[in-house]
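Reader: I've got a model open and I'd like to learn how to read it. Can you walk me through it?

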Amino acid sequence: MQAMTTNSQLQQALTHLQQNQIDACQELCRTIIQKTPNNADAYHLMALGYCQKKQYDTAFQYFQTAIKNQPNEANFYYNFANCLKQANHTKEAINTYQQAANLAPNNEQIWFNLATTYNTKNELEQCQQCYLKAIEIKPDYIKAYYNLAQSYLDQDNAQQAQYFFQKALSYQPGYAKALSGMALCEKHHEHFDHAIHYFKQALRHENLAEFHYNLGNTYHQTKQFDLAISHYQQALKINGKYDLAYYALGSTYLLLGNYQAGWNFYEYRWRSEKNPQRHHHITRWDGQELTNKNILIWGEQGIGDTLQFSQTLPLIIQQCKQCIVECDERLIPLLQRSFPEIKAIAYQTDNNFQTRVDFQCPIISLAQWTSPALPFLSPQISFIKPNQMMVESIKKRYQQFGSLLKIGISWKSGNPDFGALRSCHLSHWVKLLKTSNCIFINLQYGNTHDDLNELSTAHDINVFHDQEVDPLDNLDQFAAQLCNLDLVISIDNSTVHFAAALGIPVWTLLPYIPDWRWQLNSDTTPWYPTMRLFRQTKRGDWESVFQQIDRIDYYA
């Protein structure tokens with residue numbers, strides 16, 4: 001009779017828990033434990049209640065007691081693992097899921113949750129194996145197919161991802177997220193028409209901001225910018241806090257030359273984890289009066305960005321009492337020499353500026369307030385000053401080239417997001433590098449040994465590599481090297497910003513969809529008077545770019 005009463009009490013406690021009446025559940029469990037101190041089910045329900053209350057340490061103790069009293073109950077391990085995962089004890093959660101799977105190897109939910117936990121640790125191979133195990137047990141496990149596909153997409157394995165998205169859709173043809181996944185795979189393969197088709201199908205089933213945003217990105221990649229903007233705006237109507245859509249709007253407007261709208265939306269870059277904002281404790285400068293005020297300008301994104309927007313510094317210097325510029329340590333000599341009124345310092349970790357700072361502003365954001373309608377009102381031919389002693393030293397070394405035209409080249413970008421799109425293999429440069437009366441000089445940062453060795457072996461072309469200049473180590477030396485060149489030809493990386501900032505003629509080779517700062521169509525840029533732009537006429541077609549360059553002889 002007592003066992004029946006205990007069972008009914010356990011059932012009532014479970015009902016309380018399911019109805020989120022946690023205190024009532026736990027009160028009943030305590031009564032059961034007083035009567036039957038080794039009742040594992042009561043300890044288990046107590047643990048689940050504390051987990052819901054997010055009192056994890058107490059929950060863990062009750063789970064352990066439940067397991068001690070009933071060590072072969074897979075469900076106890078499973079829920080304990082769920083609680084550990086919820087508390088971000090990922091390693092312990094994985095171990096506990098594995099114990100649950102050993103006791104109940106045919107429970108697909110255990111394998112599914114183990115897979116999602118491996119995914120949080122970015123251990124994708126183990127994650128995928130667990131999803132496959134769950135699918136083996138439950139062949140119509142749609143969510144497992146979808147998650148498995150997503151994990152392959154995270155590895156840029158769009159082909160495998162597409163296979164599993166299709167498996168999910170075979171069981172549920174209207175599964176909007178799987179349709180969106182198919183679209184992302186097609187986009188990865190640059191099958192943009194197919195991607196657009198799948199995104200539209202997904203939107204017919206579910207009107208999600210994410211789908212509009214990704215469709216907008218796809219239209220952006222096909223230069224259908226009005227449609228891109230429309231879908232970014234649709235995303236924001238659905239979710240007004242969709243920061244990625246604001247940022248995409250900003251980049252698109254800037255690319256189209258709509259600076260006033262572009263700068264405003266471009267500020268949303270700070271909502272991304274990739275762009276952590278600095279110096280939150282200092283008031284952000286948004287165009288306020290700077291008379292008798294000290295302002296901290298800090299570099300962002302990359303060295304090229306800092307150089308490009310340092311053009312705006314004179315407009316700040318003339319307004320403020322002191323301008324402190326926080327930047328990559330390698331840029332300090334160049335910036336201090338070029339703008340002697342500033343105080344250039346390396347990036348700080350302790351915020352000890354040894355002077356009162358009234359305002360702070362990231363360097364790209366200066367343009368919003370100094371030149372809101374144009375990229376820059378009156379760009380100078382050169383605004384960065386090299387070390388003249390270094391320039392003269394390299395000049396003497398380069399006298400060995402006599403009357404040859406000295407042309408520096410760079411072909412790779414290290415940008416983690418767009419580097420592959422911007423980079424151009426040296427095989428495309430062969431005809432250019434065979435131009436007579438020229439000496440081609442390596443400006444590419446990083447390890448170029450294999451690239452240059454392949455060029456020499458396959459085409460008998462030798463590019464001069466100055467062993468005394470390392471662009472990654474000494475930017476002052478690099479600037480001095482650039483000043484001894486007649487021309488720089490490079491893809492879109494920091495090299496083009498250095499050369500143009502020094503007033504060196506530079507030819508910039510751009511992909512089909514360039515970074516916003518280069519805008520569209522024009523072969524010149526208002527940022528740099530000495531720069532000429534060469535653009536792909538279709539996606540990935542570097543041959544068309546080099547056909548535009550054709551010959552260098554006329555430059556001489």
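Author: Sure, starting with surface. Accessible areas here come from the Shrake-Rupley method with a 1.4 Å probe. For this predicted model, the accessible surface of the protein chain is about 26,200 Å², and carbon and sulfur atoms hold 46% of that.

Reader: How many helices and strands are there in the protein chain?

Author: The protein chain has 27 helices and 10 strands. Its radius of gyration is 31 Å, whereas the globule rule gives 24 Å for 556 residues, so the chain is more spread out than a compact globule. The C-alpha atoms fill a box of roughly 105 × 60 × 45 Å along the principal axes.

Reader: What percentage of the residues count as buried?

Author: Buried means under 20% relative accessible area. By that cut-off, 53% of the 556 residues are buried.

Reader: And what about charge: how many positive and negative side chains are there?

Author: There are 45 positive and 51 negative ones, with the centres of the two sets 4 Å apart.

Reader: Let's zoom in on one residue. Is Ser338 buried or exposed?

Author: Ser338 counts as buried because its relative accessibility is 8%. Ser338 sits in helix H19, which covers residues 332-338.

Reader: Which backbone atoms lie by a polar atom of the Ser338 side chain?

Author: Two to look at. The backbone oxygen of Leu334 is 2.6 Å from a polar atom of that side chain, and the backbone nitrogen of Lys385 is 2.8 Å from one. Leaving out residues up to four places away in sequence, Ser338 touches Phe383, Ile384 and Lys385.

Terms used: Residues are numbered from 1 along each chain as its sequence is written. This is a predicted model: local features need pLDDT of at least 70, side-chain atom pairs count only at pLDDT 80 or more; totals for chains, interfaces and linings use all residues. Side-chain values use heavy atoms; hydrogens and water are left out. Helices (H or I, at least four residues) and strands (E, at least two) are DSSP runs, numbered from the N terminus. The radius of gyration is taken over C-alpha atoms; the globule rule is 2.2 Å times the number of residues to the power 0.38. Buried means under 20% relative accessible area, exposed over 50%, partly exposed in between (1.4 Å probe, protein chains only). Lys and Arg count as positive and Asp and Glu as negative; His and the chain ends are not counted. The place of a charge is taken as NZ of Lys, CZ of Arg, CG of Asp or CD of Glu. A polar contact is a pair of N or O atoms within 3.5 Å; within protein, one must be able to donate a hydrogen and the other to accept it, and residues adjacent in sequence count only if both atoms are side-chain atoms. Contact means heavy atoms within 4.5 Å.
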